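Q: Please take a close look at the strand pairing here, going through the paired strands one after another. How the charged surface patches are placed may follow at the end.

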Amino acid sequence: MNNDTQAYKLLELIAISGEFPAAALSRLAGGSSYKEALITRLKKDEMIRTYHADRLRGYRLTAKTKELLMERNPERFGLFLSGQAETNRLKSEITRRLRLHRIAEAYLTMHQAGAIIFRDEKPDVFYPDGEECRDITMSSPAFYGSREIKELGADAVKISGARPVGALLAPSCVYAVYNTGNALMRWNSVSEVRTRALLKSVVCIERLHRYYRPDDVRALMLGDSMETMYRLMTSKGGPKKRFFHLDGNHDNFYYVTNDDKGAVLLRLLCDPEKTAELCEMLSEDLYERQPGLPVENDAIDADGNPVLFGYDCDMPRIARFSGGVSLHGVQGTLICFDYQAETLRRCCDSNIQIQEINFGKFKKLYFPELNEKV
């Protein structure tokens, strides 16, 4: 099998995920009939098998395929397809399978956003011995799954109860990455504080201090739809604060949908130059930001009212903006993409006007190299 075929690429994704959710096939390049034929052929050739239980359908590799991939590229797949790795010794419990599906969705979103996801193509930042990281060069965004972070050993044990599916090392910051799917994820504020502290210590201070400052750790939440963002923004955490809520641990906590639009937005978040270019364009008819105002803002309109660039779906920042507008009884404007508008309108104070950016035109202008499938 050629390494450049769509079939091989799917096998790679299944390998590093353990189990690939059948629902995520729609996000891969090609028409539905082509992908159906692809799955049929891979099953007929005994390369994959379907695992269907608890109304959850996924694809797993056969032993023959694991051997093939390990033979071709042990550096890429060794961590995932050997020993007692959770991605190799697969379980049947629904909670474990859901975790694998969330990780698979994250890998797919990161890959479509242009981040490096394969071990042999990115720096080994989480190598147990920090001395090995002395000469690391970060030239592109790179995503490290939770299993890769666990290679730290004793340090990783400190965040054993945390919920991130991995960490994204982007040009200007480090993201702790979560995937909540279509429901509120369980949340332990203390554990997530430890996650942030670990990334700050290991990545920003010890190993990649040439690239990051200690306060460059942020958070990124992946989810199935913009409706999920509304639930996250309005959640109080439920009884005993066991579910996600904006607890103040991260000043910046971005929301990105697990789809083509989300992958484009993530490309933007990982590209400081394009982000600055977009902000400059949005500021053309506005006045400079006023740091001294009691309401968070990116610019001021002709009437002296605050304007926030909310296209990045930075949940705490949007909440602070909305709360400030409400508290001080002023008018405000929030600028976002058209597909985000309805959700943000529901999340924000009634005194906030939503101004929409045409997402299709934005994509053509800023990422003309992208095809229909990212």
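**Strand pairing, residue by residue**

A: F20 stands opposite Y59 in β3, a contact that is read, like everything below, from a predicted model. Around this pair, β1 and strand β3, which covers residues 56-61, run antiparallel and are joined by two bridges. The two strands belong to an open sheet of three strands, in which the order is β1-β3-β2 and the pairing is antiparallel. Because β1 (20-21) and β2 (48-53) each have a single partner strand, they stand at the edges of this sheet, and one side of each is left without a neighbour in it.

Further along the chain, strand β4, made of residues 142-145, pairs with strand β5, residues 166-169, in the antiparallel sense, and four bridges connect them. Within this pairing, F143 is found opposite L168 of β5. F143 also helps to show how β4 is enclosed, since F143 and G145 are buried on one side of the strand while A142 and Y144 are buried on the other, leaving both faces covered. The cut-off behind that reading is a relative accessible area under 20%.

A parallel arrangement appears between strand β6, residues 174-179, and β7, where the pairing extends over six bridges. One point at which the two strands meet is Y175, whose bridge partner in β7 is R218. Strand β7 itself, spanning residues 217-223, is mostly covered, with six of its seven residues buried.

Turning from the strands to the surface, R163, R186, K240 and R242 form a patch of positive charge. R242, one of these residues, sits in the loop that links α9 (226-234) with β8 (253-257). Its relative accessibility is 42%, so R242 counts as partly exposed, a class that lies between the buried limit of 20% and the exposed limit of 50%.

A patch of negative charge is also present on the surface, where E273, E277, E280, E284 and D285 gather. Among them, E273 belongs to helix α11, which comprises residues 272-282. With a relative accessible area of 66%, E273 is exposed, the threshold for that class being over 50%. Thus the positive patch includes a partly exposed residue in a loop, R242, whereas the negative patch includes an exposed residue in a helix, E273.

Key:
Residues are numbered from 1 along each chain as its sequence is written. This is a predicted model: local features need pLDDT of at least 70, side-chain atom pairs count only at pLDDT 80 or more; totals for chains, interfaces and linings use all residues. Side-chain values use heavy atoms; hydrogens and water are left out. Two strands pair if DSSP finds at least two bridges between them. Patches are made of residues with over 30% relative accessible area and no salt bridge: like charges are joined within 9 Å, nonpolar side chains (Val, Leu, Ile, Met, Phe, Trp, Tyr) within 5 Å. Accessible areas come from the Shrake-Rupley method with a 1.4 Å probe; for residues, only the protein chains shown count as cover. A salt bridge is a side-chain nitrogen of Lys or Arg within 4 Å of a carboxyl oxygen of Asp or Glu. Lys and Arg count as positive and Asp and Glu as negative; His and the chain ends are not counted. The place of a charge is taken as NZ of Lys, CZ of Arg, CG of Asp or CD of Glu. Buried means under 20% relative accessible area, exposed over 50%, partly exposed in between (1.4 Å probe, protein chains only).
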